[in-house]
Amino acid sequence: MTTKPSLPDLLHAAVTAVGGTERPGQVTMAEAVAEAVDDNAHLLVQAGTGTGKSLGYLVPALAHGERVVVATATLALQRQLVERDLPRTVDALHPLLRRRPEFAMLKGRSNYMCLHRLHEGVPQEEEEGLFDPFESATPTSKLGKDLLRLRDWSSDTETGDRDDLTPGVSDRAWSQVSVTSRECLGASKCAYGAECFAEAARERAKLADVVVTNHALLAIDAIEGAPVLPSHEVLIVDEAHELVSRVTGVATGELTPGQVNRAVRRAAKLVNEKAADALQTAAETFERLMELALPGRLEEIPEDLGYALMSLRDASRTVISAIGGTRDKSVQDEDAVRKQALAAVENVHAVAERIVEGSEYDVVWYERHDRFGASLRVAPLSVSGLLREKLFSERSVVLTSATLKLGGDFNGVGASLGLAPEGTGGDDVPQWKGIDVGSPFDYPKQGILYVARHLSQPGREGSRTDMLDELAELVEAAGGRTLGLFSSMRAAQGAAEAMRGRLDMPILLQGEETLGELIRAFATDARTCLFGTLSLWQGVDVPGANCQLVVMDRVPFPRPDDPLMSARQKAVEEAGGNGFMAVAATHAALLMAQGAGRLVRASGDRGVVAVLDPRLATARYGSFLRASMPDFWYTTDRNQARRSLAAIDAAAKAVEATEAAEA
C-alpha cells in the first residue's frame, strides 16, 4: 500500500513552486486546516501579512480530496488564486498526490457577457420592440467606443468574464451587454444558451475540485435558496473580516422612484390598461413622498408611506400575474422583453412587501444622494442568525484573514458570524476553534505606532488646523512615501489640498485616477504621497521604501447618523450588552487593523503608523483599538516619530543612490 504524502512534504513542494519561503505560521495554519477538514469542524485563523495564507489553506484542502469552495472579497485575491497560486500548486502537488485537481472561477451572472443581449439588443421601454445600442451609440462617444470594443472582445474571450477585459469599460456600457439572474431567459429558452459564458462557467465549476468565488455569490447562494454553487464539503472564506458587510449588502433591499418608474415602463406594454394604470398611480404617489423624504431611520413606517407601499405591492402583484397570462405577437423578442419586465416588477413587489410586513429584525431608512435623489432601504439588523443557519451546517468552514482577533480575542468576530463564544455550544450551536498563527514580521522592530496625543480632539465638523500642521511635518520628515487614510472623502480632499499648497511633492488623491493607476504611480516614485478613504485600505500592497508612513486622521467610528450601525448598537444595548464596544469600536478596530497592516508588507520594511487622533491614547477604548493592531513599538513623542521617519528616509535614499550609481 502506498503511503499518503505528509502535509509538510506537500506544503514544501507548493511553497517552492510559487517561489516563496516556508514560514512556521504557514505550517501551523496548514495543520489546523487539515485537522478541521478531517473532523468536519469549523476554524477561524488569523494569519498576519506575509504568512502565505493562501497556500496555508489550499494545500490541505487539495490533499483532502473533497470539493472545496474558496470565497474571497477582492478581485485581486481571486486573480492571484486562479492565475498564480492554484496553477503552480496543482503542478507541484501532482507527482505527490498522483492526481491533478481541477479548479474554476464562478461569479454572479451579471459578471459575464450575455450573448443574447449583445446580438439581440436591450429590450427598450420607450419604443416598441428593441433598441440596438450599437446603432444608436455614435462610434466616437465613450459609450460607443466601449460597445464596439465589447463586440470585438466577445469573439476573442473564452470566459466572457468582465474582469478579464482590460482596460475595463464603464458600468453603463457593461449593463448593455449583461443580464442579472432574474432577467436571464434560461439556457433552454435562449437562442444562445449553448454558447452562454455564464452557463459554461457553471459547468466548469461542477467539474472542478476547487471553485473560487466571491463573498457576494456565496451570500446569494445562502440567502436565495436556489443553489448557485455546486455542492461542496469544505468552504474556505478568505478576507473573512469582510464577509458580514458583503452578506448585509446582498440582503439589503432598495426602492427608488427611478427604479419603480422603469418597472412601470417595462410592464406597461405587456399588460391590460387597468393593471398598468394602477401601477403607474402607485409609482406617482411613491415618487411624491420620496421628494419630501429626509435621510434617517424610520423606526415606525409613517402612515402615508405605508399606504403608498401597499398600493405598490398590490399593483405590482396584479401586473406580475397579468404578464404571465398575455402574449403579444407585435412585441419583438417577446420572451426577453417579458423576462426583463417581470424581473423589474418582482423586485419592486418583494421590497415593498418586505417593508410593509415590517419584521422586527429589519431596519428601514431613507437615504439621499446628491446625484441619484432619495432611496428607501431595508436591511437585516443582523446577519448572524442567517450565517449560523446557512453557512455552518452540512460542511466544514474555515474563515481566515489578517484581522479576525479584535481587542485580543475571536469572540467579537465570532458573534457577528452567529457563533457562540469559543469553547461553548451545544447540539445546534456550531463548535469552532480560533487560532492566531502570528506573522513572520518583527513588528516591534520594524514599525512604530505614533499617536499624536497633543492634538485637539476631532470634532464633528470644523477645521483641524493642528492636525494639518502635524501631517505636513510628518510627511516632510518622511520625504514623501506616505499613504494617507482618511475617515471621509471630504477629509482626504481637504488634506490633499492643504498639502499641495504647503509641500513640494506630488500628492495623489483617490478619485482623480483609477485605483490601479494611483497605486502604480505611488509605488514608482518615493516622494509621492497617496491620500484616500477607508475603502482604499483593503488590498493596497506597496512593499518597500515607497510606503514608510501610514497616516490615519482619526479613529474611524461609523457616523452617528448611520441608520444600520446605530440600530445595531441600540439592539445590543437593549439585550444588556455594550453597544458602543460591540458595534462602533469593533467597526473602528477592524478598519484600523487593516489600515495599519498596509505598512509592513515584507521583512525589510520599516516605518511609522501615525494616528492623528489623541483618543487612541487617552480614551478608555484606546487600549482595545491598539490591541487589534500589529504590536508596533508605541510612542506619543512627536520628536521621536519625526527622528525615526527622517532616519528611515535617509537610509532609503542611500540605498536608492547606490542602486542608481550601479545602474
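## Exercises: reading a predicted structure

With a relative accessibility of 19%, Arg 601 counts as buried; the word covers values under 20%, while exposed means over 50% and partly exposed lies in between (1.4 Å probe, protein chains only). The model is predicted, so local features need pLDDT of at least 70 and side-chain atom pairs count only at pLDDT 80 or more, although totals for chains, interfaces and linings use all residues. Residues are numbered from 1 along each chain as its sequence is written, and side-chain values use heavy atoms, with hydrogens and water left out.

**Exercise 1. Find the salt bridge partner of Arg 601 and describe where both residues lie.**

Step 1: Recall what counts as a salt bridge: a side-chain nitrogen of Lys or Arg within 4 Å of a carboxyl oxygen of Asp or Glu.

Step 2: Look around Arg 601. Its partner is Asp 541, and the closest N and O atoms are 2.8 Å apart.

Step 3: Place the two residues. Arg 601 sits in the loop between helix H23 (579-596) and strand E19 (607-611), and Asp 541 in the loop between strands E17 (529-533) and E18 (549-552). The names come from DSSP runs numbered from the N terminus: helices (H or I) have at least four residues and strands (E) at least two. This pair links distant parts of the chain, 60 residues apart.

Step 4: Compare the surroundings. Arg 601 is buried, whereas Asp 541 is partly exposed at 45%.

Step 5: Look for a group. Elsewhere, Glu 470, Glu 473, Arg 638 and Arg 642 are joined into one network by salt bridges that share partners.

**Exercise 2. Describe the salt bridge between Glu 183 and Arg 266.**

Step 1: Start with the total, which is 36 salt bridges in the structure.

Step 2: Read the distance. The side chains of Glu 183 and Arg 266 meet at 4.0 Å, N to O.

Step 3: Locate the ends. Glu 183 belongs to the loop between H8 and helix H9 (197-207), and Arg 266 to helix H12 (residues 257-268), so to speak two distant parts of the chain, 83 residues apart.

Step 4: Check accessibility. Glu 183 is buried at 14%, and Arg 266 is buried at 16%.

**Exercise 3. Two residues have a positive phi: work out whether Glu 394 and Arg 481 are buried or exposed.**

Step 1: Read the angles. Glu 394 has phi near 70°, and Arg 481 has phi near 50°. Each value is positive in a residue other than glycine.

Step 2: Locate the residues. Glu 394 is in the loop between helix H16 (384-390) and strand E12 (396-401). Arg 481 is in the loop between helix H19 (465-478) and strand E15 (482-486).

Step 3: Apply the cut-offs. Glu 394 has a relative accessible area of 79%, so it is exposed. Arg 481 has 1%, so it is buried.

**Exercise 4. Explain why Cys 196 is not bonded to Cys 184.**

Step 1: Recall that a disulfide is a pair of cysteine sulfur atoms within 2.5 Å.

Step 2: Look at the distance. The closest cysteine sulfur to that of Cys 196 belongs to Cys 184, and it is too far for a bond because it lies 6.3 Å away.

Step 3: Try another cysteine. Cys 547 is in no disulfide either, since the nearest cysteine sulfur, in Cys 529, is 9.9 Å away.

Step 4: State the total: the structure holds zero disulfides.

Step 5: Add the accessibility. Cys 196 is buried at 18%, and Cys 547 is buried at 2%.

**Exercise 5. Describe the strands that pair with E11.**

Step 1: Recall that two strands pair if DSSP finds at least two bridges between them.

Step 2: Take strand E8 (residues 253-255). Three bridges join E8 to E11, and the two run antiparallel. Here Glu 254 stands opposite Arg 377.

Step 3: Take strand E10 (residues 362-369). Eight bridges join E10 to E11, again antiparallel, and Trp 365 has Arg 377 as its bridge partner. A hairpin connects E10 to E11 through three residues.

Step 4: Ask how enclosed E11 (residues 373-380) is. Six of its eight residues are buried, so E11 is largely enclosed by the rest of the structure.
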